[in-house]
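Visitor: I have a model open and would like to talk it through. Can you take my questions in turn?

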Amino acid sequence: MSSIVIKSGVAVCALAALAFGEGFTFSIGGPAAAQDFVAKTAAFAFRTEGCADPASAQINGTAEGLVNGSRRSLPLKVTKMSKPGVYAVFQNWSGEGAWVVNLKGTCGTEIAGAIVPLGTKGFIRESSKFFARPATDAEINESLKTLAQGGGK
Amino acid sequence: MFEKHISRQLAAYLDDQLKPAKAERAEAHLTKCVRCRTGCEEVRTGMAAIGELPLVEAPETIWFSIQASLADERPRRRWNLKIAALVASLLLLALSGIIFPRVARPARWIETGAGSRAIITIGNIGSVEVGPNTRVRVVTDRPNEHRLALAKGEIIAKISAPPRLFFVETASGTAVDLGCEYTLHTDERGDGLLRVTKGWVSFDWKGIESLVPAGASCRTMPEAGPGIPYFDDAPEKLRQALNVFGAGKSADDSLGTILVEARVRDTLTLWHLLSRVQGADRARVFDRMVALTPLPAGVSREKALRLDPQTLQHWREELAWTW
């Protein structure tokens with residue numbers, strides 16, 4: 001009986017740690033947040049959080065667009081900033097249509113993902129979404145559809 | 001003030017060899033004296049013509065005759081040669097600016113009319129568009145420092161360079177480029193507005209500094225320097241209250257409005273307010289900031305309230321991720 005109680009207690013603690021622990025994720029900000037003049041013309045900056053060794057994180061992504069009803073996908077131009085774990089995204093997509101940035105990152109065994117919509121005045125923080133996994137195609141398409149309909153701007 | 005003509009100083013004036021005060025007097029004289037202006041143009045033309053002359057090597061026979069002269073009067077010539085070499089070296093060092101650094105001649109003002117604009121190229125780091133009815137001059141133009149003085153009007157600066165290479169002085173402070181594009185408008189008294197479209201600008205005046213990121217603006221005031229930055233999309237009530245606060249009227253009411261209306265993003269404004277208010281008001285600003293966004297690790301209430309520089313800088317760098 002006592003071993004069952006102990007095992008249950010350990011399980012509860014593990015679940016609590018999962019629920020409240022700081023996992024690997026992204027946070028986004030304006031170019032000035034990068035604290036690096038190189039980011040001056042960037043669309044936005046982002047940084048990794050919850051990564052024990054930010055310099056070793058693997059980051060990639062794509063710019064996903066909906067232009068005249070057609071889906072587009074471009075490799076993303078992500079530049080490392082002087083501070084480890086901080087990056088800037090530079091626009092390499094056209095100004096036409098609706099575009100979001102799809103970010104993916106790994107830190108050790110942990111994975112993070114984000115969808116960052118881009119509006120006429122830059123990235124749209126309120127509509128950005130963050131995941132503990134890569135974003136799915138359905139989630140990307142949903143964000144594009146909302147953006148194209150004028151939502152989230 | 002010069003009453004005599006300055007024909008003997010013209011070459012030195014054109015070659016930036018006059019001391020600043022003398023150069024200014026020369027400049028003032030040239031605006032009034034036709035004779036010296038004409039002389040100045042002649043000297044300038046002559047100097048340009050010399051520069052166009054081809055370089056010709058001296059024939060070897062000249063050296064033979066010099067050697068022969070040296071052999072005849074060797075002891076005295078050697079001593080004189082040493083002195084001459086020393087003088088020549090000193091002259092060369094002086095001309096190169098090593099021992100007598102050149103002092104830049106104050107540049108002329110650029111003044112645009114109601115319907116005109118101008119472009120100033122800033123080294124190879126960018127350009128400045130000068131708007132109508134604007135008076136501006138280049139103060140310094142060196143690889144490690146480019147400095148303009150804006151007396152009145154509007155400029156739009158687009159700079160691509162490491163920070164702190166480009167500066168614009170106004171009557172109410174100096175805009176320090178930190179890698180940016182911005183519009184700076186000022187009148188002769190120093191009342192003005194700095195609006196940043198890309199990057200980040202620091203506006204300094206007598207130890208008071210405002211950091212203005214893209215999407216934000218900052219008023220400047222004579223004898224008070226930079227105001228408190230605010231985002232251009234900040235609530236109208238917040239911006240109005242900031243104007244009232246900045247003018248020193250109804251400070252308590254306006255501070256209350258600023259705090260109530262502030263969004264998370266407006267912690268840009270609140271962070272600057274921290275150092276512009278005292279005592280209980282500072283605590284109110286701090287408490288509102290913490291209510292809007294969690295205090296980052298390493299920032300304590302005690303250190304923030306006593307304006308510890310490292311604490312404030314760290315807090316600002318963290319807050320920037322929410323702006």
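Guide: We can go through the fold, the core and the contact between chains; bear in mind that this is a predicted model.

Visitor: Fold to begin with. How many helices and strands does chain A have?

Guide: Chain A has 2 helices and 10 strands. Along the sequence they run α-β-β-β-β-β-β-β-β-β-β-α.

Visitor: And what share of chain A is buried?

Guide: Of its 153 residues, 37% are buried.

Visitor: How about contacts in chain A between residues at least 6 apart in sequence: what share joins residues at least 24 apart?

Guide: That share is 58%.

Visitor: On to the core. Which residues have the most contacts inside the largest nonpolar one?

Guide: A:Ala45 and B:Val201, in a core of 92 residues. From chain A, strand E7 (residues 98-107) gives the most to this core, with 6 residues.

Visitor: Where does that core lie with respect to the domains of chain B?

Guide: It lies between domain 2 (107-227) and domain 3 (233-323) of chain B, because both give residues to it.

Visitor: Is there another core apart from that one, and which residues are in it?

Guide: A core of 6 residues lies apart from it, including B:Ile6, B:Leu10, B:Leu18 and B:Ala26.

Visitor: Back to A:Ala45. What is it in contact with, leaving aside neighbours within four places in sequence?

Guide: A:Ala45 is then in contact with A:Gly29, A:Gly30, A:Pro31, A:Ala33, A:Ala34, A:Ala39, A:Val86, A:Tyr87 and A:Ala88.

Visitor: Now the contact between the chains. How many residues does each chain put in?

Guide: Chain A puts in 10 residues and chain B 15 residues. The chain A side divides into 4 nonpolar, 5 polar and 1 charged.

Key:
Residues numbered from 1 in each chain as written. Chains lettered and ligands numbered in written order. Predicted model: local features only at pLDDT ≥ 70, side-chain atom pairs only at ≥ 80, totals over all residues. Contact = placed C-beta atoms within 7 Å. Nonpolar A, V, L, I, M, F, W, Y, C, P; charged D, E, K, R; others polar. Helix = DSSP H or I, 4+ residues; strand = E, 2+ residues; numbered from the N terminus. Buried ≥ 20, exposed ≤ 12 C-beta atoms within 10 Å, placed from the backbone. Core = buried A, V, L, I, M, F, W, Y, C linked by C-beta atoms within 7 Å. Domains from an automatic or database assignment.
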